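Welcome to a short set of exercises with worked solutions. Please keep the sequence and the structure open beside you as you work through each task.

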Amino acid sequence: MMSAETNNPGATAWIRRTAVGAVLIVLLVLGGTAFRVWQVARVDDRSTADIIVVLGAAQYNGRPSQILEARLEHARQLYQDGVAPTVVTAGGSKAGDAYTEAEAGARWLREHGLPISATMAVGEGRDTLGTLRAVAEQARERGWGSAVVVSDPWHSLRARTMANDLGLSAWSSPTHTGPVVQTRETQARYIFRETGALLYYRLSKNPADDIGGTGLG
């Protein structure tokens, strides 16, 4: 007995072409997004802005982790270069923490030469989107419209995209020191994760820090 595929070879060929086309589209989207993550990671835009926003990362009883310290040092250099008059440190806390990531960051900056008047801690948010939403609210209240976002290279495109979606005119100046950029294997892993996280955000407008990307950690 002849199968349906044998009876209708044209339909079978169409199904196969459709399947191949769908796979190619997915691969193109993934590849194009990964390329953009890599491309933006290499851009260090030091155009002047109203604020420098340092996205949070782990802290230990007020002491920044190596990842957060690398971001803070980069922001300190941007401030000294006159990129913006205020550095906003961002990020909330986990259960049991005595400090928020924002507080630990602001404290580090003050200990390393920035005046209190040049720092502002926004200790809200458990993911990139929530943190940037809190920063954007504070910025609107103060009439700040532009921001240079400081994070890890691979996180820059997603963070910049979210900041712009929240009403800030934002660009990125990533840090190129710290554990996240030390090996090619680490870099490839983060590019892969950020590609998925960015696509998830673009499709859902929800954060994806728990499924990929450097996020706040």
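**Exercise 1. A pair of strands**

In which sense do strand β6 and β7 pair, and over how many bridges?

Solution. Keep in mind throughout that this is a predicted model.
Step 1: find β6 at residues 146-150.
Step 2: follow its pairing with β7, which is parallel and runs over four bridges.
Step 3: pick out one pair of residues as a check; Val 148 stands opposite Trp 171 in β7.

**Exercise 2. The whole sheet**

Work out the strand order of the open sheet of five strands, and name its edge strands.

Solution.
Step 1: reading across the sheet gives β5-β4-β1-β6-β7, with parallel pairing.
Step 2: β5 (119-122) and β7 (169-172) are the edges, since each of them pairs on one side only.
Step 3: look at the twist; on average, neighbouring strands here are turned by 25 degrees against each other, direction ignored.
Step 4: add a helix. Helix α3 (residues 66-80) packs on this sheet and touches β1 (51-54), β4 (86-90) and β6. The direction of α3 makes about 170 degrees with that of β1.
Step 5: add another. Helix α5 (residues 128-142) lies across β1, β4 and β5, and runs at about 130 degrees to β5.

**Exercise 3. Two helices in contact**

Describe how α5 and α6 pack, and classify their angle.

Solution.
Step 1: the axes of the two helices are 10 Å apart and make an angle of about 40 degrees.
Step 2: that angle falls neither under 35 degrees nor between 65 and 115 degrees, so α5 and α6 are oblique to each other.
Step 3: for the handedness, α5 passes α6 in a right-handed crossing.
Step 4: list the residues. On the α5 side the contact is made by Thr 128, Leu 129 and Leu 132, and on the α6 side by Arg 158, Ala 159, Met 162 and Ala 163.
Step 5: sort them by type, which gives five nonpolar, one polar and one charged.

**Exercise 4. How covered is α6?**

How many of the 10 residues of helix α6 are buried?

Solution.
Step 1: the count is eight, so helix α6 (residues 156-165) is mostly covered.
Step 2: the buried residues include Leu 157, Arg 158, Arg 160 and Thr 161.
Step 3: take Ser 156, which is found in this helix, as a worked case. Its relative accessibility is 2%, and therefore Ser 156 counts as buried.
Step 4: list what surrounds it. Leaving aside residues up to four places away in sequence, Ser 156 touches Val 40, Ser 172 and Pro 174.
Step 5: move past the helix end; α6 is followed by Gly 167, which has a positive phi near 105 degrees.

**Exercise 5. Positive phi without glycine**

Locate Asn 61 and Lys 205, each with a positive phi although not a glycine, and decide how exposed each one is.

Solution.
Step 1: recall the background. Most residues other than glycine have a negative phi.
Step 2: Asn 61, with a phi of about 55 degrees, sits in the loop between β2 (59-60) and β3 (63-64).
Step 3: because its relative accessibility is 60%, Asn 61 counts as exposed.
Step 4: Lys 205, with a phi of about 60 degrees, lies in the segment after α7 (184-204).
Step 5: the relative accessible area of Lys 205 is 46%, so this residue is partly exposed.

Methods: Residues numbered from 1 in each chain as written. Predicted model: local features only at pLDDT ≥ 70, side-chain atom pairs only at ≥ 80, totals over all residues. Heavy atoms only, no water. Pairing = 2+ DSSP bridges. Axes fitted to C-alpha atoms, helices over the stretch in contact; angles between N-to-C directions. Contact = heavy atoms within 4.5 Å. Buried < 20%, exposed > 50% of the residue type's maximum accessible area, 1.4 Å probe, protein only. Parallel < 35°, antiparallel > 145°, perpendicular 65-115°, else oblique. Left-handed = near helix turned anticlockwise from the far one by under 90°. Nonpolar A, V, L, I, M, F, W, Y, C, P; charged D, E, K, R; others polar.
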